[in-house]
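Q: I am new to this structure and would like a close look at a single part of it. Please choose one helix, describe it in full, and then place it among the other parts.

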Amino acid sequence: MASFIKALPGNEERGRARGNGGPSWQRPFAMPLSENALSAPETAVVPAAGWGTRLRPLSDTIPKELLPLGRRVVLEHILVELATARLSRVVFVVSPAKESLIRNRFGSKSEGLCIDYALQSEMRGLGDAVLQTAPLLSGESGFFVALGDAVFVEAEPGAIARRLLTGSEPIAIAVQKVAKEKLSRYGVVKPIDSADIVRFTIDGIVEKPAPEDAPSDFAVAARYRLPATIFESLRAVVPDARGEIHLTGAIAALLTAGVPGVAVPLQSGEARHDIGNFETYWRAFVTFALADPEHGDGLRRFLEEVNP
């Protein structure tokens with residue numbers, strides 16, 4: 001039952017209010033009408049349905065997205081990021097096992113954001129997770145995607161998201177430079193011209209390429225701005241050998257069809273933290289704990305004592 005959607009009361013009314021029309025971006029693989037054809041997204045999709053197998057046994061009882069980082073759980077940090085980026089609504093994509101825990105934690109509103117829920121009954125990849133939100137985004141020209149197991153250290157919360165939401169390009173992807181030997185772990189963008197360190201145009205993206213085949217050293221960094229036509233593109237993606245639908249393949253098809261896209265690199269002082277395994281989680285936890293205004297200095301002194 002991969003497309004079953006469970007939403008809070010009121011979603012149908014909101015859908016009717018938005019209507020079924022929209023600009024040509026909502027038609028499959030449409031070419032742009034003009035630079036101003038799209039308005040800035042108001043909704044963020046936050047996939048949070050994965051098994052978290054590399055964090056077992058912790059994730060057997062607590063979803064990795066609800067693990068603590070400093071004084072907040074992971075998803076709270078993401079909600080603060082999205083709220084400060086002036087988004088107004090979040091759709092959490094959850095699994096049957098996680099639904100009650102995440103729904104009970106956040107309800108229908110948190111951090112000033114309206115919250116809805118989509119159910120991903122089978123773990124069939126990130127593309128499938130995003131596809132489950134289509135009925136809840138009817139009538140919207142585009143939306144934001146924030147992976148639920150990745151948080152950022154930023155000078156100002158939401159700075160990366162705001163840069164992605166600025167501009168007229170329907171596709172905008174956060175990226176970070178990665179060592180060549182690690183490129184096979186990520187989606188990697190193909191720049192047309194990467195001279196601009198703030199944002200640059202792309203015309204392709206590849207999922208986990210071999211280092212020698214990578215089109216650049218800019219890896220996708222867990223945040224996207226996407227047009228509504230991504231749903232039709234996702235429906236056309238052929239699942240891989242594991243039955244997973246890759247978001248990267250759907251984005252690549254839109255870029256190939258001429259939909260404009262840009263990459264937005266992380267800047268100096270900005271860092272991504274994945275909550276994917278024990279090492280990355282511990283690094284993230286220590287980073288946020290050290291930033292605590294009350295206990296950070298004491299923890300730093302303790303770490304210096306035990307590891308002089």
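A: The answer begins with the model as a whole, turns to one helix, and then moves on to other parts.

This is a predicted model, in which local features need pLDDT of at least 70 and side-chain atom pairs count only at pLDDT 80 or more, while totals for chains, interfaces and linings use all residues. Residues are numbered from 1 along each chain as its sequence is written, and side-chain values use heavy atoms, with hydrogens and water left out.

The pLDDT, the predictor's confidence in each residue on a scale from 0 to 100, has a mean of 86 in the protein chain, with 87% of the residues at 70 or more. In residues 1–37 the pLDDT is below 50, and this stretch has 81 contacts in the model beyond near neighbours in sequence. A contact here means heavy atoms within 4.5 Å.

The protein chain has 10 helices and 14 strands. Helices (H or I, at least four residues) and strands (E, at least two) are DSSP runs, numbered from the N terminus. Of the 308 residues in the protein chain, 50% are buried. Buried means under 20% relative accessible area, exposed means over 50%, and partly exposed lies in between, with a 1.4 Å probe and protein chains only. Where contacts join residues at least 6 apart in sequence, 77% of them link residues at least 24 apart.

The part chosen is helix α3, which spans residues 74–84 and is mostly covered, with 9 of its 11 residues buried. The buried residues are V74, L75, E76, H77, I78, L79, V80, E81 and L82. E81 is one residue of α3 to look at in detail. E81 has a relative accessible area of 4%, so it counts as buried. Leaving out residues up to four places away in sequence, E81 touches F152, E154, G158, A161 and R223. Just after α3, R86 takes a positive phi of about 70°. Most residues other than glycine have a negative phi, and most peptide bonds are trans.

V80 leads from the helix to a loop: V80 and G112 are 32 residues apart in sequence, yet their C-alpha atoms are 9.0 Å apart in space. G112 sits in the loop between β5 and β6. G112 counts as exposed because its relative accessibility is 58%. E111 is also found in the loop between β5 (109–110) and β6 (113–119). The phi of E111 is near 55°, a positive value in a residue other than glycine. E111 has a relative accessible area of 35%, so it is partly exposed.

R223, one of the residues that E81 touches, brings in strand β12, which covers residues 218–227. Strand β9 pairs with β12 in the antiparallel sense over 5 bridges; two strands pair if DSSP finds at least two bridges between them. V220 of β12 is the bridge partner of V175. Another 5 bridges join β9 to strand β13 (residues 261–265), and these two strands run parallel. A174 stands opposite V264 in β13. Strand β9 (residues 171–177) has 6 of its 7 residues buried, so the rest of the structure largely encloses it.

K208 lies in the loop between β11 (200–207) and β12. K208 is not a glycine, but its phi is positive, about 45°. Its relative accessibility is 47%, so K208 counts as partly exposed.

A further loop, between α7 (230–236) and α8 (247–256), holds E244. E244 counts as buried because its relative accessibility is 18%. E244 touches R124, G125 and P239, again not counting residues up to four places away in sequence.

Elsewhere, the peptide bond from R56 to P57 is cis, with omega near 10°. P57 is in the loop between β1 (43–47) and α2 (58–61).

Two other helices, α9 (residues 278–290) and α10 (residues 296–306), have axes that come within 7 Å and cross at roughly 125°. Axes are lines fitted to C-alpha atoms, for helices over the stretch in contact, and angles run from 0 to 180 degrees between N-to-C directions. Angles under 35 degrees count as roughly parallel, over 145 as roughly antiparallel, 65 to 115 as roughly perpendicular and the rest as oblique. The helices α9 and α10 are therefore oblique to each other. Their contact is made by V286, A289 and L290 of α9 together with G296, L299, R300 and L303 of α10.
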